[in-house]
Amino acid sequence: MRMTKASARTGLLLLALTAGLLSAQDGERGSTPYFQSRAFNVPILEGWDDQSGEDFAQFHQAEARATIRTAIAPAAEALDAAGAELSATFGFDLDPPVYQGRVNLADGTWHTLVYDIDAETTASVMARQDGGRGVVISFVERDAAARTLMLTIAQADDSLADASPEIAIALESLAGLSLSELQRADSQTLPSGEWTVYAGESVMAMGMIFGNDAYVALQMGEAGDLAALAEAYNRTLLGFFITPDNSQYLALGLAVVFVILAALVGSLYWREKNVQKDLALLRELAREDE
């Protein structure tokens, strides 16, 4: 009876430990819906048309004529990966980018690129190298009435709490405007953070500080929902992570668990044998006393 109860407890312990190890594979994303490929993970954009495939995440919003896409391109250099991804996916003939910069984020060095494709199409890209491949996150807009751009710019002075200097850089580089030509509007609080907002005639600019970098969104021409577009793009960028390969750790963990459980079962068996020997000895002594 003692062995039966011990075996049952051991079995329950095995099931609990195995379930815990397997559930660790799913991460700690809580209720946030994620697109998961074999190579990477990004948040699913609610309210956007999900056009994703097995190895790429792509979301489209028809009203804004905007597409946000995350993919892996087979190129060792980040710039080559960005060009290959835009050309192969969207059929773009690319001129040199109208803006180019680099930022050091938590997961590596990213290149910020902005392309003017034609009169109605722009592409804002974040790209980085990951081993022998390139990671490319792109925001593509096809709208002749508006020009919407997304940039990540390293802070020149990380003691500043808002992104006004980086907004000024983006405006001068991509719109030929100085920050003084726009009026500062009320800040806007989005799920990603507190955004500084500037508005002018047919121009809107927004910027948010996260870490040591500024995330900037510009919109020139017909006004649209720039806040929603900026939130969606930066939700993708900040939520992106490479899929870790935990299979070897899972196998090692299971092996350790089974070794420990085998030792526990062996210990229980050995103790049972000793108890039976002690009982036999006590019975023999009892008979001799009679």
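1. Start with β6 in this predicted model. The strand has two faces: Tyr99, Gly101, Val103 and Leu105 sit on the covered one, while Gln100, Arg102 and Asn104 make up the uncovered one. Worth colouring those two sets separately when you open the file.

2. What does β6 pair with? Its partner is β7, in the antiparallel sense, over seven bridges. Val103, from the covered face of β6, has Trp110 of β7 as its bridge partner. The two strands form a hairpin, with two residues between them.

3. Zooming out, β6 belongs to an open sheet of seven strands with antiparallel pairing, and the order reads β3-β4-β5-β9-β8-β7-β6. β3 (49-50) and β6 (99-105) are the edge strands; each has a single partner, so one side of each lacks a neighbour in the sheet.

4. Now the other edge. β3 pairs with β4 (residues 57-61), again in the antiparallel sense, through two bridges. If you want a residue pair to look at there, Asp49 stands opposite His60 in β4.

5. Which helices lie across the sheet strands? One is α2 (residues 78-90), which lies across β4, β5 (66-73), β6, β7 (108-116), β8 (121-130) and β9 (133-142). Helix α4 (residues 226-239) is another, lying across β4, β5, β8 and β9.

6. On orientation, β9 is a handy reference for both helices. Helix α2 runs at about 50 degrees to β9, whereas α4 runs at about 170 degrees to β9.

Key: Residues numbered from 1 in each chain as written. Predicted model: local features only at pLDDT ≥ 70, side-chain atom pairs only at ≥ 80, totals over all residues. Heavy atoms only, no water. Pairing = 2+ DSSP bridges. Helix = DSSP H or I, 4+ residues; strand = E, 2+ residues; numbered from the N terminus. Contact = heavy atoms within 4.5 Å. Axes fitted to C-alpha atoms, helices over the stretch in contact; angles between N-to-C directions. Buried < 20%, exposed > 50% of the residue type's maximum accessible area, 1.4 Å probe, protein only.
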